[in-house]
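Biologist: Before we discuss individual assignments, please display the model. I should like each label to be justified by its value and its criterion.

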Amino acid sequence: MAERGRPNVLVTGTPGVGKTTFCDGLAQATGLTHLEVGKLIREKQLYREWDDEMDCSIFDEELVLDALEPLLEEGGQIVDFHSSGFLQDDWFDLVVVLRVETETLYGRLERRHYGEAKIRENVEAEIFQTCLDEAREAFEDSDVRIMEIHHDTQEQLEAGICQVQEIRHRVLPDVNPAGPRADRLLAEPGGGCGTRRRSTAGIRAAVSRQSRESPRSFNLWEGTLLMSMPVPRRHSWVRLQLLFRADPGRSAETRVIGICLSLP
């Protein structure tokens with residue numbers, strides 16, 4: 001596959017580990033597109049058999065690969081699927097394997113009204129870390145990083161998204177020949193997840209500096225800035241998420257368009 005303008009991230013794991021929820025949050029935080037392979041299989045009927053006992057389709061690998069390839073060429077996709085062994089390793093820049101405790105998984109699958117045999121099969125797959133081993137084997141000959149993230153609680157979900165953002169901004173920056181982008185801005189020292197402070201004024205200064213260095217027209221920037229700040233006398237931290245919009249074409253104006261505060 002030709003060089004991509006934006007990274008592709010694969011999120012895999014046993015059914016019920018929370019892939020859809022995680023991918024939705026990651027897509028909102030990064031601006032990447034959430035691509036549900038299971039939904040794609042159903043909509044385009046990329047299967048040749050149906051398993052009545054497990055009440056699921058047996059997807060056709062070649063049909064799925066043919067459908068995915070044009071969608072991943074330009075990058076910018078978060079691919080959400082429970083199976084990774086048949087995927088091409090050069091399609092992805094990062095692989096995330098979600099894990100949960102078996103009790104958590106059992107409860108989630110029960111709420112989906114899965115049959116007992118289907119629940120047992122998925123719980124056993126999680127116990128024996130089937131999806132993790134499959135991903136490791138599929139990407140063992142590549143330089144793609146594999147992250148194992150636990151997703152039992154909302155706090156773990158947020159922390160996992162933050163970890164992926166950190167890697168994406170520092171290791172997998174977007175390639176944009178038309179000019180700088182918000183993700184490059186966040187990758188500068190002092191930006192990104194786990195930082196102690198990054199003020200709106202600091203963003204404006206960085207935007208202004210890059211505007212002078214690259215006197216060309218480029219699109220409106222939109223992005224997410226995550227900051228962590230200590231809480232006095234509580235020995236803990238709060239996470240502040242700022243959704244910002246910057247238009248370097250108009251005096252490097254930056255506006256905060258949303259705030260999300262996570263308390264410990």
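Modeller: Helices here are DSSP runs of H or I with at least four residues, and strands are runs of E with at least two, numbered from the N terminus. On that basis the chain has nine helices and ten strands. Please bear in mind that this is a predicted model.

Biologist: What makes a residue buried, and what share of the chain is buried?

Modeller: A residue is buried when its relative accessible area is under 20%. Of the 264 residues in the chain, 47% are buried. Furthermore, among contacts between residues at least 6 apart in sequence, 64% join residues at least 24 apart.

Biologist: Why is Pro7 called buried?

Modeller: Its relative accessibility is 5%, and the limit is under 20%, so Pro7 counts as buried. Pro7 lies in the segment before β1. The C-alpha atoms of Pro7 and Leu94 are separated by 8.0 Å, with their positions 87 residues apart along the chain.

Biologist: What makes the pair Asp60 and Arg48 a salt bridge?

Modeller: The criterion is a side-chain nitrogen of Lys or Arg within 4 Å of a carboxyl oxygen of Asp or Glu. In Asp60 and Arg48 the closest N and O atoms are 2.7 Å apart, and the pair forms a salt bridge. Asp60 is in the loop between β4 and α3 while Arg48 is in strand β3, so the pair ties together parts that are twelve residues apart in sequence. The structure holds five salt bridges.

Biologist: Are the two partners, Asp60 and Arg48, buried or exposed?

Modeller: Asp60 has a relative accessible area of 16%, which is under 20%, and is therefore buried. Arg48 stands at 64%, which is over 50%, and therefore counts as exposed.

Biologist: How do you know that Arg99, Glu126 and Glu148 are linked in a network?

Modeller: The side chains of Arg99 and Glu126 meet in a salt bridge, at 2.7 Å from N to O. Arg99 is in strand β6 and Glu126 in helix α5, so this pair ties together parts that are 27 residues apart in sequence. Arg99 also meets Glu148 in a salt bridge, at 3.0 Å from N to O. Glu148 is in strand β7, so the pair with Arg99 in strand β6 ties together parts that are 49 residues apart in sequence. Arg99, Glu126 and Glu148 are accordingly linked in a network of salt bridges.

Biologist: Why is Glu148 called partly exposed?

Modeller: The value for Glu148 is 37%, and the partly exposed class runs between the 20% and 50% limits, so Glu148 falls within that class. Arg99 and Glu126, by contrast, are both buried.

Biologist: Why is no salt bridge assigned to Asp80?

Modeller: The nearest side chain of opposite charge, that of Lys19, is 4.9 Å away, and a salt bridge must be within 4 Å, so the criterion is not met. Asp80, which is in strand β5, is nevertheless buried. The side chains of Asp80 and Thr20 are joined by a polar contact of 3.4 Å. Beyond four places in sequence, Asp80 touches residues including Val11, Lys19, Thr20 and Cys23.

Biologist: What is the setting of Lys19, and is Lys19 buried or exposed?

Modeller: Lys19 lies in helix α1. Its relative accessible area is 10%, which is under 20%, so Lys19 is buried. A polar atom of the Lys19 side chain lies 3.4 Å from the backbone oxygen of Thr14.

Biologist: How do you know that the residues of the UniProt "binding site" feature gather at one spot?

Modeller: The unreviewed UniProt entry places this feature at Gly16, Gly18, Lys19, Thr20, Thr21 and Arg112. They span 97 residues in sequence, yet no two of their C-alpha atoms are more than 14.5 Å apart, so they gather at one spot. The lining of the largest pocket includes Gly16, Gly18, Lys19, Thr20, Thr21 and Arg112.

Biologist: Why is Gly16 called buried?

Modeller: At 3%, its relative accessible area is under 20%, so Gly16 is buried. Gly16 lies in the loop between β1 and α1. Beyond its neighbours within four places in sequence, Gly16 is in contact with Leu105, Arg108, Leu109 and Arg112.

Methods. Residues numbered from 1 in each chain as written. Predicted model: local features only at pLDDT ≥ 70, side-chain atom pairs only at ≥ 80, totals over all residues. Heavy atoms only, no water. Buried < 20%, exposed > 50% of the residue type's maximum accessible area, 1.4 Å probe, protein only. Lys, Arg positive; Asp, Glu negative; His and termini not counted. Polar contact = N/O pair within 3.5 Å; in protein donor to acceptor, adjacent residues only side chain to side chain. Contact = heavy atoms within 4.5 Å. UniProt positions renumbered as here; feature names shortened; annotations may be inferred. 1 Å grid on protein atoms, 1.4 Å probe; cavity = no way out; pocket = protein on both sides within 12 Å on 5 of 7 lines; lining within 4 Å.
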